[in-house]
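Student: I have a new chain open on my screen and would like to talk it through with you. Could we go over it together?

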Amino acid sequence: MANFKNVCLRVAIMFLHVQFGFHCGVSALQTVASKRLADDLLTNYGSRYVRPVKDVNSTLSVYFRAKPIWFADFKWKDEFLTWNPDDYGNVTEINFGKEQIWFPDVTPYERVDTGPAEANMDETFLTVDYEGQVVYYNIAFYAIFCKMDVRLFPYDNHGCLIRFSAYSFEGDAVSLYYVNNSDSSENILKKNGVWSVSGYDIEEVETKYLCCPTPYREVYYTMYIRRESGFYVLNVGVPTVLLSLTTLSVFVLHPESGEKVSLCVNNVLALIIFQQLLATNMPPTGDETPIIAYYFAVVISISFLSVLTTCLTLGIYHNKAKRPLPKLLKLILYPRGCLSHRRVTDSSDDRGNRKGETLVVNHAGIEETGIVVSPDTVPTDATRIIPNQPMQPSVRSINRGSRRHSEASAAEFETEWVHAAIRLDMIFFGLALSAMLFALAYCLFLFIYEMPYHV
């Protein structure tokens, strides 16, 4: 029994050796046949810059397909690369390099990088079958010019038109067709956190140029990309709102704090620096102005004007003038007469006597301090009139009352100026808040109105 098992094991091993040797022999024969085939095809191939057609008047059809980012697919028939598989060990396919056989110079017109179009493709091989069908699959990278519409930044969408054509051949020599099959619409671009592809359109177009009598067959490839806005909402939108609130806080800060001017200047510098950082993330274009730039312009203008208004309010607040508010300023600050004030005339001669006034004193000798009447006042029986004349010792108390009245009037004037400065801050706060809300509402309206036209 043991001998029988050993015999079976030896037979199986011998069979594997024979099978493996047979496959190795076949592979070696096919390899030799492939080399001989390649030498025979290239020997009689001729120049690789000539179209691979036997009839010079025939049109060579090149089938092209592209996917982002960029999967290039070319197919055409080379009439000089055909053979009989039976003559070459049943070899049905063979590979060549791009520098060995004819290759279509299909290139996008919107390229901005330099060098030949094939320089942007990886060095992969072309596959040729025995009927002359050449297939080329590769990943190509191009720097493409695409006009950016940043009107709705950071919620902007863009449609990039890319025109592919066989640049060196007219339409009657090489016709470019787009391969439209089931996987042509496959999106193989992975999201990178900055852009995402929302879709693309393909169109075959015949374009006639002034230089050439025969139109060119071109493939128009329109790729729609959308900016990922999450990053900009957190890093642009939130700081913008906070800086706007900081600008408004200037008008709320009390003048006695002593930090109003420094806060205004810091707000202006912060907004300008932030706006410059934002501008570096947007492509420079003069065709369309981002809507968000309008809001920035309003906020920066308000922040700059807050410096001027702060200087004005501080000058009014710390005014020590012994005079009442000007009538124009009263009219602006208190259009309804909210501030009550008293008219006081403080004109005296060189000896301290009041001019144009009549002091009223009762018969008991008790002066009415702080009461000033005009000469037209008709005295009653309880009073007697003391005309303007050098003061006597008996009226010193009247002089003291006048001084107290002057001091009270000066304090009242100072209070009026202080209240006027605070009132002015309140008015500027209302104007700034109204301007910011109006600019924000206007920008939101533009976003909502123009969004359907940019999808």
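What follows is a conversation between a student and a tutor about this predicted model.

Student: Let's begin with the overall make-up. How many helices and strands does the chain have?

Tutor: Happy to start there. The chain has 455 residues, and buried residues make up 37% of them. Its accessible surface is about 27400 Å², with 60% belonging to carbon and sulfur atoms. As for secondary structure, the chain comes to six helices and 13 strands.

Student: How confident is the predictor, and which element has the lowest mean pLDDT?

Tutor: The chain averages a pLDDT of 74, and 69% of the residues score at least 70. Among the elements, β5 has the highest mean, 92. At the other end, with a mean of 38, is strand β11, residues 358–362.

Student: Which stretch with pLDDT under 50 has zero contacts beyond four places in sequence?

Tutor: Two stretches are worth a look here. Over residues 339–389 the pLDDT is below 50, yet this stretch has 67 contacts in the model beyond near neighbours in sequence. The stretch with zero such contacts, where pLDDT also stays under 50, is residues 11–27.

Student: Now the salt bridges. How far apart in sequence are the parts that Arg 163 and Glu 110 tie together?

Tutor: The structure holds six salt bridges, and in one of them the side chains of Arg 163 and Glu 110 meet at 2.8 Å, N to O. Arg 163 lies in strand β7 and Glu 110 in the loop between β4 and β5, so the pair ties together parts that are 53 residues apart.

Student: Is Glu 110 buried or exposed?

Tutor: The cut-off helps us here: buried means under 20% relative accessible area. Arg 163 has 25% and counts as partly exposed. Glu 110 has 12%, so with the cut-off at 20% it is buried.

Student: And what is the sequence separation for Arg 151 and Glu 450?

Tutor: These two form a salt bridge with their closest N and O atoms 3.0 Å apart. Arg 151 is in the loop between β6 and β7, while Glu 450 is in helix α6, residues 396–450, so the parts they tie together are far along the chain from one another: 299 residues apart.

Student: Which residue forms a salt bridge with Arg 227?

Tutor: Arg 227 lies in strand β10, and its partner is in the loop between β6 and β7, so the pair ties together parts that are 71 residues apart in sequence. Both residues are buried. The closest N and O atoms are 2.8 Å apart, and the partner is Asp 156.

Student: Which residues are joined into one network by salt bridges that share partners?

Tutor: This network is a set of three residues. Its members are Glu 204, Glu 206 and Arg 217.

Student: Back to the loop with Arg 151. Which peptide bond is cis?

Tutor: Most peptide bonds are trans. Pro 154, in the loop between β6 and β7, takes part in an exception. With omega near 5 degrees, the cis bond is the one from Phe 153 to Pro 154.

Student: Which residues does Ser 229 touch, leaving out those up to four places away in sequence?

Tutor: Ser 229 sits in the loop between β10 and α2, and at 17% relative accessibility it counts as buried. The residues it touches are Pro 154 and Tyr 155.

Student: Which non-glycine residue has a positive phi of about 60 degrees?

Tutor: Most residues other than glycine have a negative phi. The residue you want lies in the loop between β2 and β3. It is exposed, with a relative accessible area of 54%, and its name is Asn 90.

Student: In the hairpin of β5 and β6, which residue takes a positive phi near 90 degrees?

Tutor: Two bridges join β5 to β6, and the strands run antiparallel. Val 128 stands opposite Val 134 in β6. The hairpin has three residues between the strands, and the one with that phi is Gly 132.

Student: Last one: which residues have the most contacts inside the largest nonpolar core?

Tutor: In soluble globular proteins, nonpolar side chains tend to be buried together. The largest nonpolar core has 45 residues; apart from it lies another, of 36 residues, including Phe 153 and Leu 271. Inside the largest core, the residues with the most contacts are Phe 64 and Phe 74.

Technical notes: Residues numbered from 1 in each chain as written. Predicted model: local features only at pLDDT ≥ 70, side-chain atom pairs only at ≥ 80, totals over all residues. Heavy atoms only, no water. Salt bridge = Lys/Arg side-chain N within 4 Å of Asp/Glu carboxyl O. Helix = DSSP H or I, 4+ residues; strand = E, 2+ residues; numbered from the N terminus. Buried < 20%, exposed > 50% of the residue type's maximum accessible area, 1.4 Å probe, protein only. Pairing = 2+ DSSP bridges. Core = buried A, V, L, I, M, F, W, Y, C linked by side-chain atoms within 4.5 Å. pLDDT = per-residue confidence, 0-100. Contact = heavy atoms within 4.5 Å. Areas by Shrake-Rupley, 256 points an atom, 1.4 Å probe, with all protein chains shown as cover.
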